[in-house]
Amino acid sequence: MAYLVVFVGAGIGGSIRHGMNVWVAHFLGTHFPWHTFVINILGSLVMGLVAGWFAERGGQPGHIPLFLTTGILGGFTTFSAFSLDAVLLWERHEHLLAALYVGGSVVGAIAGLVLGLWIVRTALA
């Protein structure tokens, strides 16, 4: 059942992301990736609100947290989960781990993308 909950939530989140992409591009253009920038910040804000609510209220029974966080927000932006993980490390006073996680994630993700592009371009050349 949990997989179905995440699946449905991710579909909703992905649809919202697409709508935001179109809406933000319409108002701010596409020269700078404003759509991704806005989505990542908004998704992280909402993740903070949702995680904070569940933390302060002692959790929520059933699949509601999974639907909202991994499902909808995961489909909307994985940056929100990244932000939550980084802040949780920081709040546990694991400052070095938080810094390594943030730096490693950003550098690793960009390096992974560059490597993937290189592999495809080399293979298709």
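Contact here means heavy atoms within 4.5 Å. With that in hand, the fold can be described: among contacts in the chain between residues at least 6 apart in sequence, 60% join residues at least 24 apart.

This is a predicted model, in which local features need pLDDT of at least 70 and side-chain atom pairs count only at pLDDT 80 or more, while totals for chains, interfaces and linings use all residues. Residues are numbered from 1 along each chain as its sequence is written, and side-chain values use heavy atoms, with hydrogens and water left out.

**The chain as a whole**

Helices (H or I, at least four residues) and strands (E, at least two) are DSSP runs, numbered from the N terminus. By that count the chain has five helices and zero strands, and its pattern along the sequence reads α-α-α-α-α. A box of roughly 55 × 35 × 30 Å, taken along the principal axes, holds the C-alpha atoms.

Accessible areas come from the Shrake-Rupley method with a 1.4 Å probe, and for residues only the protein chains shown count as cover. The accessible surface of the chain is about 8600 Å², and 75% of that belongs to carbon and sulfur atoms. A residue is called buried under 20% relative accessible area, exposed over 50%, and partly exposed in between (1.4 Å probe, protein chains only). Of the 125 residues, 20% count as buried.

**Helices H1 and H2**

For the two helices below, the expected span is 1.5 Å times one less than the number of residues.

| Helix | Residues in helix | First to last C-alpha | Expected span |
|---|---|---|---|
| H1 (2-28) | 27 residues | 37 Å | 39 Å |
| H2 (34-56) | 23 residues | 32 Å | 33 Å |

In both H1 and H2, the reach is close to the expected value. The buried residues of H1 are Val5, Gly9, Gly13, Met20 and Val24, and their cover includes H2 and H3. In H2, the buried set is Ile39, Asn40, Gly43, Ser44, Met47, Val50 and Phe54; here the cover includes H1, helix H3 (64-76) and helix H4 (79-91).

Each of these helices is followed by a glycine with positive phi: glycine 29 after H1, near 85°, and glycine 58 just after H2, at about 75°.

**Phe76 and Thr77**

Phenylalanine 76 belongs to helix H3 and is buried, with a relative accessible area of 6%. Leaving out residues up to four places away in sequence, phenylalanine 76 touches Gly13, Gly14, Ile16, Arg17, Met20, Ile39, Leu42 and Gly43. One of these partners, isoleucine 39, is 37 residues away along the chain, yet the two C-alpha atoms are separated by 7.5 Å.

Threonine 77 sits in the loop between H3 and H4. Is threonine 77 buried or exposed? Threonine 77 counts as buried because its relative accessible area is 2%. Apart from neighbours within four places in sequence, threonine 77 is in contact with Arg17, Ile39, Asn40 and Gly43. A polar atom of the threonine 77 side chain also lies 2.9 Å from the backbone nitrogen of phenylalanine 79.

**A serine pair**

A polar contact is a pair of N or O atoms within 3.5 Å; within protein, one must be able to donate a hydrogen and the other to accept it, and residues adjacent in sequence count only if both atoms are side-chain atoms. One such contact, at 2.9 Å, joins the side chains of serine 44 and serine 83. Serine 44 is part of helix H2 and, not counting residues up to four places away in sequence, touches Phe79, Ser80 and Ser83.

**On the surface**

Patches are made of residues with over 30% relative accessible area and no salt bridge; like charges are joined within 9 Å, and nonpolar side chains (Val, Leu, Ile, Met, Phe, Trp, Tyr) within 5 Å. A salt bridge, in turn, is a side-chain nitrogen of Lys or Arg within 4 Å of a carboxyl oxygen of Asp or Glu. Which residues make the nonpolar surface patch of about 750 Å²? The patch is formed by Trp23, Phe27, Leu28, Phe32, Trp34, Phe37 and Ile41. H1 and H2 each supply at least two of its residues. Phenylalanine 32, in the loop between H1 and H2, is partly exposed, with a relative accessible area of 39%.

Finally, histidine 93 lies in the loop between H4 and helix H5 (95-124). Histidine 93 is exposed because its relative accessible area is 63%. Its phi is near 65°, a positive value in a residue other than glycine.
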